[in-house]
Amino acid sequence: MADLNVPPRRPRDDRGWDGFQHPHPDGYRDNAMPYAGSGGYATPAPPAAGPQWVGPDGFAGGGHPQPSGGYAPPPGPGLPNLDDEDDEPRRGRRRALAALGGAAVVAGGAALAFSPQVRGLFSDDPVAGDATGTVVTDGTAARPGGQQPSTVRTYTEQNESYMGSRAGAALKRNAPSGGRIFASPAAAAAATRVTVRTVLAKDPIRHLASRATFGPTPRVLADIKRLGIDDWLRQQLEPEKIAPTKAELKLAELPSLKLSPTQLRAQRDQLNERGVDPARETVDATIARQVWSDRQLFEVMVDFWNDFLHVAADFDGGEIYRNSFDRDVVRKHALGSYPEMLVAANKHPALLIYLNQTESRKDAVNENLARENLELYSVGVDGGYTEKDVRQAALLQTGRGVADGKYVFHADRHYLGKVKILGFSHANNSADPKVADKVIDDYIRYIALHASTAGYVARNLATRFVSDTPPKSLVDRLAKAYTTNKGQIRPVLATLFSSSEFWAAVGQKVRRPMEYLVATYRSLGVGPEASPGFEGDKRRTPFAQGLRQVQDKMRELGQFPMGKPTPDGYADVYVAWTSAGTMVDGWNEAGDLIGGWRKQFTYVKPEKLVAKPPATAGAYVDALALRLVHQKLSAKEKALVLGVAGVPAGAKVDATFNGAIAAVARTILASPQHHLR
């Protein structure tokens with residue numbers, strides 16, 4: 001179960017990262033569960049003899065025998081209960097979900113489901129064995145080896161579990177049902193008629209900018225019009241050719257960003273003295289790129305993979321390794337080969353520590369990474385694997401670890417013996433570490449190119465870019481492109497943007513809290529330089545301080561880059577994020593930005609958002625809506641905005657809207673047109 005396979009997140013602050021921390025305003029509660037020196041859970045000592053299976057709660061013998069034959073978790077705090085936060089937005093989110101009849105899951109967290117504990121499973125043959133036998137490999141009758149996981153576990157794919165609610169059913173009725181592929185994205189856009197009900201303008205340029213960026217801006221819309229849809233997308237699919245922006249150059253002000261894990265380990269004390277937390281700086285940099293980078297489609301895909309192949313920033317080891325994982329795994333392959341990304345991830349210390357693979361050896365096997373490789377990172381929970389497949393994969397992957405901050409393969413810890421996993425079979429009988437390591441790589445590539453993985457990646461991409469309930473026609477088309485191109489992502493995206501389903505889905509996605517905040521910064525033209533006269537705390541630059549404040553606000557909203565503590569990543573469907581409290585908090589932040597209160601950045605004064613403000617209130621609202629949400633509002637929405645200002649449409653107003661410009665702009669940014677992606 002994904003939710004049990006990851007250490008609980010622990011607090012973050014600016015005092016350093018050299019030990020356990022304590023609650024503070026911008027972090028989380030301490031969790032009392034101890035950590036082992038390797039960065040995973042501290043577990044009881046294993047029994048003296050025989051191979052043992054190590055699950056989410058440590059060695060099988062650490063629990064309490066149950067009548068069913070399994071084990072209950074050992075005493076202790078266990079995983080944090082994400083429902084027991086006492087801040088109002090989370091309570092509001094729960095109430096909203098209950099009112100909608102949705103799944104019993106809160107935004108930013110996942111319903112915890114308990115998987116059965118396991119016992120010693122295999123004989124203690126000292127050399128080669130055979131993991132492909134028909135023995136029952138699970139310690140409970142409820143989940144015997146060989147039984148399809150989805151039929152016996154409470155975990156279901158996250159997005160689909162949300163969409164099974166009444167609210168999800170309503171969304172399905174308004175989604176495009178089918179479509180076809182065209183010769184190019186521009187041809188698809190020109191030929192597709194939008195028939196769904198939506199408040200958004202049925203403008204293909206605005207639609208593309210809303211989905212392929214973190215929020216349209218006047219410049220992005222102008223670029224698409226100037227270049228044309230095809231050439232703009234072609235440019236975005238070659239991000240290495242796009243020059244860095246001023247804000248991206250300012251990322252040099254984050255001192256840990258370019259350091260390797262070895263350098264971070266060596267400079268730990270110096271960075272601590274400067275108040276630098278490398279894991280949080282990785283998040284800060286991601287936020288900056290989302291707001292200010294011109295490589296917008298690339299950043300959208302980085303965010304997609306950060307949810308799909310998820311490693312939380314807040315894990316014990318994230319301070320050293322999460323930045324490297326971002327740079328050397330996700331960003332390196334975001335528009336390249338997913339099989340190569342998955343291979344790289346499985347040899348990266350961040351993932352190995354995050355999912356306890358460093359603790360797995362032939363005589364004490366930890367299944368966490370092996371399970372998530374199948375359940376979350378490749379074929380999916382319904383992808384055809386069995387519990388026996390998980391156990392054989394876990395045996396095959398033994399030996400991978402971390403030493404001195406780098407990936408190593410411990411041949412003496414590697415299980416030798418025949419394995420068969422989802423059609424992949426190998427004798428796995430070589431003691432040569434290079435050969436044994438390559439066998440694991442071959443297995444990872446195999447599952448990354450499995451037909452079920454093609455469908456799983458396709459469905460998630462279609463959910464991200466098209467609809468909470470993507471049409472099967474599109475998912476099948478994307479899966480075929482993935483398989484034909486051997487997991488290369490650019491051709492899959494080219495297929496997606498050339499499909500009528502994409503262009504027909506105007507208004508079918510709602511921004512998640514993080515996306516709403518980033519889109520608001522982009523819409524208001526916030527700049528990365530400090531406001532005149534701003535003086536910081538002298539430890540970090542204004543830019544670095546401002547990014548940290550944005551990150552803290554995102555944490556309050558329940559979503560920030562790499563923020564989900566469990567390895568399933570954030571849900572990407574509307575009903576997972578329905579919360580009046582979160583919406584109001586986002587609107588308050590929009591009001592602060594309009595007022596220019598975050599002085600670490602620069603702002604366009606609200607009365608300057610429209611270059612030549614019209615003289616009447618109604619016309620001014622139209623012009624301001626075009627500037628902020630890139631279309632006019634409906635008559636009813638316009639009347640509501642005018643009501644906030646307390647003036648009729650024909651009233652004469654000055655550039656400040658007679659003193660109400662901030663309230664009017666904030667109201668427009670609270671409209672559905674700004675909430676929809």
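The paragraphs below lead through a predicted model, from the chain as a whole to several helix pairs, a hairpin and some individual residues.

The chain of this predicted model contains 29 helices and ten strands, and of its 677 residues 60% count as buried. Among contacts between residues at least 6 apart in sequence, 76% join residues at least 24 apart, a figure to keep in mind when following the individual elements below.

A convenient place to enter the structure is helix α19, which covers residues 451-465. Two packed helices are described by the angle between their axes and the distance between the axes. For α19 and α20, the angle is about 125° and the axes lie 8 Å apart; because angles over 145 degrees would be needed for roughly antiparallel and 65 to 115 for roughly perpendicular, the two helices are classed as oblique to each other. The crossing in which α19 passes α20 is right-handed. On the α19 side, the residues that meet α20 are Thr453, Ala454, Gly455, Val457, Ala458, Arg459 and Ala462, and their counterparts in α20 are Leu474, Val475, Leu478, Ala479, Tyr482 and Thr483.

Leu461 also belongs to α19, and what surrounds this residue can be read from its contacts. With a relative accessibility of 0%, Leu461 counts as buried, since the cut-off for that class is under 20%. Once its neighbours within four places in sequence are set aside, Leu461 is in contact with Met301, Phe304, Val492, Leu493 and Leu496. For one of these partners, Leu496, the separation from Leu461 is 35 residues in sequence, while the C-alpha to C-alpha distance is 8.6 Å.

After α19 the chain enters the loop that leads to α20 (472-484), and Ser467 is found in that loop. Ser467 is buried, its relative accessible area being 2%, and its side chain reaches the backbone nitrogen of Thr469 at 3.0 Å. Beyond α20 comes another loop, between α20 and α21 (489-497), and it is here that Lys486 is found. Lys486 is exposed, because its relative accessible area is 60% and the cut-off for exposed is over 50%.

The backbone of Lys486 also deserves attention. Most residues other than glycine have a negative phi. Lys486, which is not a glycine, nevertheless has a positive phi of about 55°. Asn356 is a further case, with a positive phi of about 65° although it is not a glycine. Asn356 is likewise a loop residue, placed between α15 (349-354) and β6 (364-366), but it counts as buried, at 2% relative accessibility, whereas Lys486 is exposed.

Further along the sequence from Asn356 is helix α16, spanning residues 368-375, which is mostly covered, with eight of its eight residues buried. The buried residues of α16 include Asn368, Arg371, Glu372, Asn373 and Glu375, together with Leu369, Ala370 and Leu374.

The strands offer a short antiparallel example. Strand β7, made of residues 400-403, pairs with strand β8, made of residues 406-409, in the antiparallel sense over four bridges. Within this pairing, Arg400 stands opposite Phe409 in β8, and Gly401 stands opposite Val408 in β8. The two strands form a hairpin with two residues between them, and in the turn Asp404 has a positive phi of about 55°.

Towards higher residue numbers, a further helix pair can be described in the terms already used for α19 and α20. Helix α26 (residues 617-628) packs against helix α28 (residues 661-669) at an angle of about 55°, with the axes 10 Å apart, which makes α26 oblique to α28. Here, too, the crossing is right-handed, with α26 passing α28. The residues that meet across this pair are Tyr620, Val621, Leu624, Ala625 and Leu628 in α26, and Ile661, Val664, Ala665, Ile668 and Leu669 in α28.

Technical notes:
Residues are numbered from 1 along each chain as its sequence is written. This is a predicted model: local features need pLDDT of at least 70, side-chain atom pairs count only at pLDDT 80 or more; totals for chains, interfaces and linings use all residues. Side-chain values use heavy atoms; hydrogens and water are left out. Buried means under 20% relative accessible area, exposed over 50%, partly exposed in between (1.4 Å probe, protein chains only). Contact means heavy atoms within 4.5 Å. A polar contact is a pair of N or O atoms within 3.5 Å; within protein, one must be able to donate a hydrogen and the other to accept it, and residues adjacent in sequence count only if both atoms are side-chain atoms. Two strands pair if DSSP finds at least two bridges between them. Axes are lines fitted to C-alpha atoms, for helices over the stretch in contact, and angles run from 0 to 180 degrees between N-to-C directions. Angles under 35 degrees count as roughly parallel, over 145 as roughly antiparallel, 65 to 115 as roughly perpendicular and the rest as oblique. A crossing is left-handed if the near helix is turned anticlockwise from the far one by less than a right angle, and right-handed if clockwise.
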